[in-house]
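I opened this entry to keep a record of what I looked up, beginning with charged pairs and ending with a surface patch.

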Amino acid sequence: MRDARDLSDVQESAPDAQESDAARRRRRAQFLRELHEAKQLRDRVQPRRARAARMRQQMRMRTFRW
């Protein structure tokens, strides 16, 4: 049996399910900015690992066929 609190919870979650596309894009952009910032921080803190990753990426690009 449902009481008033259960009904209010259902009503509050309904707009979340139909979230606007613009809000989703804003959240995604914020996430990608934070991810990029975290990667830059990791590269500064671990320069040897960052250099090795750059070298691997260069090798992948060299061996890629267009």
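My notes on these two topics follow.

Entry 1, salt bridges. I am working with a predicted model, and I began by asking how many salt bridges the structure holds. I found 2 salt bridges, and I then looked up each of them in turn. In one, Asp-21 pairs with Arg-24, and the closest N and O atoms are 3.4 Å apart; both residues belong to helix H2, where they lie 3 residues apart, about one turn of the helix. In the other, the side chain of Arg-25 meets that of Asp-21 with an N to O distance of 2.6 Å, and here I noted a spacing of 4 residues in helix H2, so that Arg-25 and Asp-21 are separated by about one helical turn. Because the salt bridges share partners, I recorded Asp-21, Arg-24 and Arg-25 as one network.

Entry 2, accessibility of the network. I next asked whether Asp-21 is buried or exposed, and its relative accessible area of 42% makes it partly exposed. Arg-24, at 41% relative accessibility, also counts as partly exposed, and I entered Arg-25 as partly exposed with a value of 47%.

Entry 3, nonpolar surface. Which residues make the nonpolar surface patch? I found that Phe-31, Leu-32 and Leu-35 make it, with an area of about 270 Å². I followed up on Leu-32, which is found in helix H2, residues 21-45, and which counts as partly exposed because its relative accessibility is 38%, between the limits of 20% and 50%.

Definitions and conventions
Residues numbered from 1 in each chain as written. Predicted model: local features only at pLDDT ≥ 70, side-chain atom pairs only at ≥ 80, totals over all residues. Heavy atoms only, no water. Patch = residues over 30% accessible without salt bridge, like charges linked within 9 Å, V, L, I, M, F, W, Y side chains within 5 Å. Areas by Shrake-Rupley, 256 points an atom, 1.4 Å probe, with all protein chains shown as cover. Salt bridge = Lys/Arg side-chain N within 4 Å of Asp/Glu carboxyl O. Helix = DSSP H or I, 4+ residues; strand = E, 2+ residues; numbered from the N terminus. Buried < 20%, exposed > 50% of the residue type's maximum accessible area, 1.4 Å probe, protein only.
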